[in-house]
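Here is a note to read alongside the structure, written as numbered points. Please keep the view open and find each element as it is named.

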Amino acid sequence: MVLVLGIESSCDETAAALVDGEGGIVAQRIASQDAEHAPYGGVVPEIAARAHAERLAPMIEGVLADAGVSLTDCDAIAATAGPGLIGGVMVGLVSAKALAMASDTPLIAVNHLEGHALSPRLADSSIEFPYALLLVSGGHCQILRVDGVGQYKRLATTIDDALGEAFDKTAKILGLGFPGGPAVERVAKEGDPTAVPLPRPMVGSGEPHFSFAGLKSAVLRAHESGKHTAPDLAASFQQAAVDCVVDRLRIALESMDDVETLVVAGGVAANATVRAALERLAADHGMRFAAPPPALCTDNAAMIAWAGVERLGQSDPLDIAARPRWPLDPDAEPVRGAGVKA
Ligand code: KG4
Ligand code: ZN
């Protein structure tokens, strides 16, 4: 039986998992750092790195014990090598290097974004390439064409905020706490999505790129007007964001005529309103729709182990560097108005 150990530490989840060659999750543990970061309203890199350093080694030991296996039973050790908060990435990658060296097991340095991009195949092995991928997380908001492992063509990105970031900022404006995405979704259930008129940035543009900074500012102004309740603001924000995503994807799909599957991955893919809208969009286009279960949308180590399974046979040298930035499509053109985000 193929067995890969996965390690994830690029943001605020410390995670380890063992995944087999068929995508079976043999064991997994995950520790979120929500409590540590909540007082600051966002992830503090230094606190995150220290928490990973404290928790990761015992967690890996625990996962191996849960499965009743040892490191030498693993065919590879896959660890996130970027992009992400560099202190945390280094903790995970250096741990993986040490374990690989000690057990003479191949190291696979995984791009965290590839972990998200391939996660739908972990959840459902019948999903085949090529597929259209909406990758929406706290740091990224992209539309990609996925032709195979390592074959990504970026069709769209955000010129300012990522979608998860917009959810987090909206939560902060509304005083809903951290992490923001799940809080906005929860509160939005009590609100009217048509109550607050909000802009749909980029809608109608011929290029499929995203922009969410203006939407966030509009939420702030609407909140400061004192005329709206938090549930109405949350629901209206969420609806505006979903309308943007659907419009942008419609444009991107025009250039993917031969693609039969639409996939969503990344933390925001856990959002039920987003999933429902994409399912309708896929149906409109006669496409199959796939989304991993919510627990595999947010950061986890099973998706990193799975990326390792998909890359089995390859290995990376022990001097490979941790990368704060690591675009999935290195050939993608910079977008006018975009900052440094990959
Ligand atoms: O993929 P992820 O766990 O970490 C990154 O790689 O960034 O994504 C985290 C992002 C956060 O911005 C979080 O607020 C958002 O995903 N998120 C959600 C939901 N769950 C997580 N956004 C909207 N609705 C949710 N249910
Ligand atoms: Zn992520």
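**Notes on helix packing, domains and unusual backbone sites**

1. In this predicted model, the axes of α6 and helix α8, which spans residues 230–253, come within 8 Å of each other and cross at roughly 110 degrees. Angles of 65 to 115 degrees count as roughly perpendicular, and α6 is therefore described as roughly perpendicular to α8. The crossing in which α6 passes α8 is left-handed.

2. Which residues make this contact between α6 and α8? From α6 come Val-184, Glu-185, Val-187 and Ala-188, while α8 supplies Ala-230, Pro-231, Ala-234, Ala-235, Phe-237 and Gln-238. Sorted by class, the contact of α6 with α8 holds eight nonpolar residues, one polar residue and one charged residue.

3. Helix α6 (residues 180–188) also meets helix α5 (residues 163–173), and here the two axes come within 7 Å and cross at roughly 65 degrees. That angle makes α5 roughly perpendicular to α6, and α5 passes α6 in a left-handed crossing. On the α5 side the residues are Phe-167, Asp-168, Thr-170 and Ala-171, and they meet Gly-180, Gly-181 and Val-184 in α6. The classes in the contact of α5 with α6 are three nonpolar, three polar and one charged. Val-184 is worth finding in the view, since this α6 residue is listed in the contact with α5 and is listed again in the contact with α8.

4. The loop between α5 and α6 is where Pro-179 is placed, and the peptide bond leading from Phe-178 to Pro-179 is cis, with an omega near 0 degrees. A second cis peptide bond to point out joins Gly-82 and Pro-83, with omega at about -15 degrees; Pro-83 lies in the loop between β4 (76–82) and α3 (86–103). These bonds deserve a careful look because most peptide bonds are trans.

5. How do α5 and helix α7, made of residues 213–224, pack? They lie at an angle of about 15 degrees, with their axes 10 Å apart. Angles under 35 degrees count as roughly parallel, and α5 and α7 are therefore roughly parallel to each other. Their crossing is right-handed. Lys-169, Thr-170 and Ile-173 of α5 make the contact with Lys-216, Val-219, Leu-220 and His-223 of α7, and by class there are three nonpolar, two polar and two charged residues in the contact of α5 with α7. Thr-170, named here in the contact with α7, is also among the α5 residues that meet α6.

6. Another backbone site to inspect is Asp-104, which lies in the loop between α3 and β5 (107–111). Its phi is near 55 degrees, a positive value in a residue other than glycine. The site is flagged because most residues other than glycine have a negative phi.

7. Finally, for the chain as a whole, the division is into domain 1, made of 3–117 together with 296–310, and domain 2, made of 128–292. Taken over C-alpha atoms, the centres of domain 1 and domain 2 are 27 Å apart. Where the domains meet, 17 residues of domain 1 are in contact with 17 residues of domain 2. The area buried between domain 1 and domain 2 is about 1400 Å², and carbon and sulfur atoms give 70% of it.

Definitions and conventions: Residues numbered from 1 in each chain as written. Chains lettered and ligands numbered in written order. Predicted model: local features only at pLDDT ≥ 70, side-chain atom pairs only at ≥ 80, totals over all residues. Heavy atoms only, no water. Axes fitted to C-alpha atoms, helices over the stretch in contact; angles between N-to-C directions. Helix = DSSP H or I, 4+ residues; strand = E, 2+ residues; numbered from the N terminus. Parallel < 35°, antiparallel > 145°, perpendicular 65-115°, else oblique. Left-handed = near helix turned anticlockwise from the far one by under 90°. Contact = heavy atoms within 4.5 Å. Nonpolar A, V, L, I, M, F, W, Y, C, P; charged D, E, K, R; others polar. Domains from an automatic or database assignment. Buried area = accessible area lost by both parts, 1.4 Å probe.
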